[in-house]
Amino acid sequence: MISIFPKGDTRQALRIRRVLMAVAGYLFIGAGCYLGVHFGYARNPELSVVLSITAWVLGINIIILTLMYKGINERFRDPSLTLFQIFCGIMTITLIAYHMVDRIRGTASVLYILAFMFGTFRLRLKDLLVLTGITGGLYAGAMTLLHFSDPGTVDPQLEVMRWVILMMALVWVSYMANYISKLRRRITRLVTHDALTGVLSRREIFEVLNREKAFSDRAGTPFSLCMLDLDDFKRMNDTYGHQAGDAVLQAFARALKDNTRTTDYVGRYGGEEFMVVFSNFQCLDSRASSAQRLLAATRSIRLPDISPDLKVTTSMGIAAYQPGESPDTLVARADAALYKAKENGKDQAVFKGPGTD
């Protein structure tokens, strides 16, 4: 059975659902516009104008969906393309307002607010205020153009009042949306990050693995998994206490984050075990600089408040993703390599390829 949502990539599937929700919104607005044309509320009811706006809407959404199905959107800072989608919505509403008759043009304000609500859970206040300025500029420009191109169809005083009310409403919506967005980000962080170390939680790191697998299978980009386990952590806990153990875990997590790229992912697998997902990188050797850097960073951890003699080391298992394999198989290979590193004397990295002992 063919699915319109990518399997194994829940975030990409959610983005596509949002686009389809926006398409549904366009369909409702389009139905209202065609009804308005039928009842004579369009200033220019020519078929070419209606078809042009329809073609614009269809074209934009086809481009967005194509980018998402091919995974190209994940290369952008905002893979949801929220700003772009809202900007296109604002452009569409401005075109509709331009072709409305004067007595119902005020309904465009409601449509603008609906477009802004689309970014409630994604955008920050700065982005929303920029969109507010763009909206005000586009609407004022459209009404000015209409005033000079078709005199008598615009009441300047009424349009100034509409513009002021629109700006006040959008600024209020922006502040409310920003407040909701802050709450959402706070809740999301509690769910996706480990409370003690601040790195990704076990659930979230597996989401990353599923997402990287889906992207790799689509685009052919490699990625690798590194599993790390602190050596003799139980002895540290027994010797120095559990608070000291927590401090060691926090220092280790900081060392991992400070010595990986911004495109990599660091997560806590459980207890003293951590995971690092090297995105767009195929690590095929335990002597790779990325692995050796993490080993060296762990050895350099110093916690004089606990003990000047405390030495921290880690054992590491590395596995590179093979096309078609499941995340569980990849984790199993990295885990087997980790235990091999423990058996070999700890404080080292071991690479395990598919089908190797």
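Which residues lie nearest the centre of the second largest pocket? They are Ile29, Gly30, Cys33, Tyr34 and Ile96. The model is a predicted one, and its two largest pockets are the topic here.

Start with the second largest pocket. About 680 Å³ of space lies in it. Its lining is made up of 31 residues. Helix H1 (10–38) is the main contributor, giving 11 residues. H1 is joined by helix H2 (47–69), H3 and helix H4 (108–117), each of which supplies at least two residues of this lining. By residue type, the lining of the second largest pocket divides into 22 nonpolar and 9 polar residues. It has no charged residues.

Now turn to the largest pocket. It holds about 1,900 Å³ of space. The lining counts 50 residues, and Arg11, Arg15, Pro79, Arg122 and Arg211 are the closest to the centre.

Six elements each supply at least two residues of the lining of the largest pocket. They are H1, helix H3 (82–98), helix H5 (125–149), helix H6 (156–192), helix H7 (202–219) and strand S2 (265–270). The largest share, 8 residues, comes from H6.

What is the make-up of this lining by nonpolar, polar and charged residues? The lining of the largest pocket has 22 charged residues, along with 14 nonpolar and 14 polar.

H1 and H3 link the two accounts. Each supplies at least two residues to the largest pocket, and each also supplies at least two to the second largest.

How values were computed. Residues are numbered from 1 along each chain as its sequence is written. This is a predicted model: local features need pLDDT of at least 70, side-chain atom pairs count only at pLDDT 80 or more; totals for chains, interfaces and linings use all residues. Side-chain values use heavy atoms; hydrogens and water are left out. On a 1 Å grid over the protein atoms alone, a cavity is a set of points where a 1.4 Å probe fits but cannot get out, and a pocket is an open set with protein on both sides within 12 Å along at least five of seven lines; lining residues have an atom within 4 Å of a point. Grid points are joined across faces, edges and corners, and a volume is the space filled by probe spheres set on the points. Helices (H or I, at least four residues) and strands (E, at least two) are DSSP runs, numbered from the N terminus. Ala, Val, Leu, Ile, Met, Phe, Trp, Tyr, Cys and Pro count as nonpolar, Asp, Glu, Lys and Arg as charged, and the others, Gly among them, as polar.
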